[in-house]
Amino acid sequence: MQIQMDGRSALITGGSRGLGRAMAMKFAQAGANVAITARRADVLGETKSEIEAASDAKVGAYVCDVCDAGQIAAMHESVSSDFGTIDILVNNAGSAVRGKFEEVSDETWRDDLDLKLFAAIRISRLVLPKMKEQRWGRIINVLNTAAKAPHAENAPTAISRAAGMSLTKVLSKEYAPYNILVNALCTGIFVTDLWDRAYNNQAPDMSFEQFIEERGKGVPLGRMGNPEEYANAACFLASDAASYITGVALNVDGGTCPIV
Ligand SMILES: NC(=O)c1ccc[n+]([C@@H]2O[C@H](COP(=O)([O-])OP(=O)(O)OC[C@H]3O[C@@H](n4cnc5c(N)ncnc54)[C@H](OP(=O)(O)O)[C@@H]3O)[C@@H](O)[C@H]2O)c1
């Protein structure tokens, strides 16, 4: 099956690094035009150039902190004016925040919900009207397997992700009549900057390669995933090939999650 995304425009939050970058690259190579957002302009600029060099896509880079409703509105206006309708939205920007329940402050809870839940709500609300008009759209919410199977000391992230799973289901039902498909990806462990940061905090006494190998041993497939494998799943869900799939939270995790 050849996946073609010609003529589509995709907005990927957190598209400058890691999984977001891999999805933007994959979509662009499948023929879509891509708009990427993140907070750091220099990193965004580098990724924009790399995607342009590796594809024929039109690529736009937009500085936007998705925790800020005003910045979201301004970013949406710029992307819409540059790209027209946003056909595909990937709510990906995020980070790992977890701790002992009694030590998680209100501020940390609020920040996590702003980043992982309200950003998806606010951006979806802005892109849906045009998707409705054209009766075609895709929203993919990047979550984590903790949305289905949380651990101890997994707050606030597991709770924010579970809410994201419910948001996915609600939107999938509400917008199915408009041929707007809304799905989620429940992410396992993938080698990105997120793990670079974890390595620096948790295991500075071993090499990064050893750290990644050790972490991968707990995954049924025996290794951490690479971002391109993740992007393959997203590319399928964003394409016409997935035309009868909506309201699904797909585990992309090498078999880790105990819940299907
Ligand atoms: N990698 C994993 O193992 C894993 C596991 C479970 C879930 N996830 C989820 O998958 C998503 C991508 O993770 P990743 O591993 O690719 O992380 P990453 O390599 O750290 O990349 C995160 C991206 O999001 C952007 N970002 C972070 N906060 C932002 C904000 N407030 N506003 C706008 N952009 C923001 C970052 O750019 P700036 O810093 O420049 O803003 C960067 O482009 C996240 O939602 C993460 O929680 C990842």
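Me: How do I read a polar contact here, and which ligand atom is 2.9 Å from the side chain of R197?

Reply: A polar contact is a pair of N or O atoms within 3.5 Å; within protein, one must be able to donate a hydrogen and the other to accept it, and residues adjacent in sequence count only if both atoms are side-chain atoms. In this case an oxygen atom of the ligand lies 2.9 Å from an N or O atom in the R197 side chain. Taken alone, the ligand exposes 890 Å², and the protein buries 95% of that (Shrake-Rupley method, 1.4 Å probe).

Me: Good to know! What sort of model is this?

Reply: It is a predicted model, where local features need pLDDT of at least 70 and side-chain atom pairs count only at pLDDT 80 or more, while totals for chains, interfaces and linings use all residues. Residues are numbered from 1 along each chain as its sequence is written, and side-chain values use heavy atoms, with hydrogens and water left out.

Me: Which backbones come within polar reach of a ligand oxygen?

Reply: A polar backbone atom of L19 is 2.8 Å from a ligand oxygen, and one of N92 is 2.7 Å from a ligand oxygen.

Me: How many residues surround the ligand?

Reply: A residue counts when one of its heavy atoms lies within 4 Å. Here 30 do, with S16, R39, N92, T192 and W195 the closest. Helix α6 gives the most to this shell, four residues (helices are DSSP runs of H or I, at least four residues).

Me: Why does the ligand lie between two domains?

Reply: Domain 1 (9-190 + 226-252) and domain 2 (194-224) both give residues to the shell, so the ligand lies between them; the bounds come from an automatic or database domain assignment.

Technical notes:
Helix = DSSP H or I, 4+ residues; strand = E, 2+ residues; numbered from the N terminus.
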